[in-house]
Amino acid sequence: MKTELKPGIYWVGAIDWDLRDFHGYITPKGTTYNAYLIVDEKIALVDTVKEQFKDELLDRVSEIVDPAKIDYLIVNHLERDHFGSFSGVMEVLKNAQVYAGERGRNGIRDIYGDRWTINGVKTGSTLKLGKKTLRFIETPMLHWPDSMMTYVEEDKVLISSDAFGQHVASSERFDHEAGWDLLDDAKTYYANILMPFGNLIQGLLAKVPELKLAPEVIAPDHGLIWTNPGIIIDAYNRWSRLETKPKVVIAYDTMWGSTEKMAHILAAGLIDEGGVEVKFYNIRKSPSSEIVNEILDSKAILIGSSTLNNGIFPSVGGFMYYLKGLKPKHKIAVGFGSYGWMGGAVKEITARLKDMELEVMEGLDLKYPLTRAQEAQCRELGRAIARKVKGGR
Ligand code: FEO
């Protein structure tokens, strides 16, 4: 079945139902690798797919045109999930010219030398296909140095590379077909991939009028296509400004249950105070991508670990390392945990939270088993965090 976004513009990507880990980003719903075929007097293919999905891409193209008749292959960026089948596809396309941003062009030459003609483009460069005009917009570090977007001017279709995507494998291709909370999937994707680049996204959104972009359709490289782009643009505006809610994420791991008990008492203290949403995760049992989704717009994060070998659990260490790379900002952060004979976990959690330049409150390091007085201390800490969260920044 052909999937047409606008007359002459087709989705020809591949569906990866089984993907569960996208370079460390846990993807319980799989993903798609979207590619788009634009048919006019000249024919352009925008992006390819992950290497092992090449035949799926070419089969979809073949339903519409003979792949050998494609004139241009546009490479919006070089990450392997979109570029991995590049050489295999080029062997079938034979005579196509390649267009990429200048950094992308250099990257392709680094890998393949002068095997093909590669045209470097800049923001504002255009490529006329007939009635349709492709205009290119460089978006460096969103999220690769060579990233760019391709705008089909007459149809107002923005092929947005990785921005505005979601890691979802589905039979549906468009936002209005989704019978689930697609924006939440987009939020998970934003939090796990684009959170470090909020300033750049703000810069791009501010330049939309100058760039003369008025997309009616946003076609990302992953997941469903936005036919109501205002929803996702508004969300990107909020997320990139790092707006927070009175929400607290508790994420912990536990050895024999005391740290878990502390997590429950902290949650009870937060709830006592009222007006604060609480999200609660055992790190070892929960997809890190889901925890990060909730952290994106939370006002506080509470990280707990039992002490193991004078330090933190490997699960907590791995999660904190992952989180640090995503550069969360403007959040209150607190460490907590219990120990049997010698502490160390809370000290290490606190040091790591300070290293992330968060607003770190004094943590709570309690010896197992918890006394009534310690439980009360823990509950009061929960209340104090709630008051601070509700008091604004
Ligand atoms: Fe979906 Fe940056 O690759």
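Two strands are taken to pair if DSSP finds at least two bridges between them, strands (E, at least two residues) and helices (H or I, at least four) being DSSP runs numbered from the N terminus. The model is predicted, so that local features need pLDDT of at least 70 and side-chain atom pairs count only at pLDDT 80 or more, while totals for chains, interfaces and linings use all residues. Residues are numbered from 1 along each chain as its sequence is written, and side-chain values use heavy atoms, with hydrogens and water left out.

An open sheet of 7 strands, with mixed pairing, follows the order E1-E2-E7-E8-E9-E10-E11. Strand E1 (3–6) and strand E11 (118–121) each have a single partner strand and stand at the edges, so one side of each lacks a neighbour in the sheet. From one strand to the next, the twist averages 25 degrees (axes are lines fitted to C-alpha atoms, for helices over the stretch in contact; angles run from 0 to 180 degrees between N-to-C directions). Helix H3 (residues 86–93) packs on the sheet and touches strands E8 (43–46), E9 (72–75) and E10 (97–101), contact meaning heavy atoms within 4.5 Å.

Strand E14 (residues 148–152) has 5 of its 5 residues buried, that is, under 20% relative accessible area with a 1.4 Å probe and protein chains only. Strand E13 (residues 133–138) pairs with E14 in the antiparallel sense over 5 bridges, with methionine 149 as the bridge partner of isoleucine 137. E14 is also joined to strand E15 (residues 157–159) by 3 bridges, again antiparallel. The hairpin of E14 and E15 has 4 residues between the strands, and lysine 156 in the turn has a positive phi of about 55 degrees.

Note on methods. Buried < 20%, exposed > 50% of the residue type's maximum accessible area, 1.4 Å probe, protein only.
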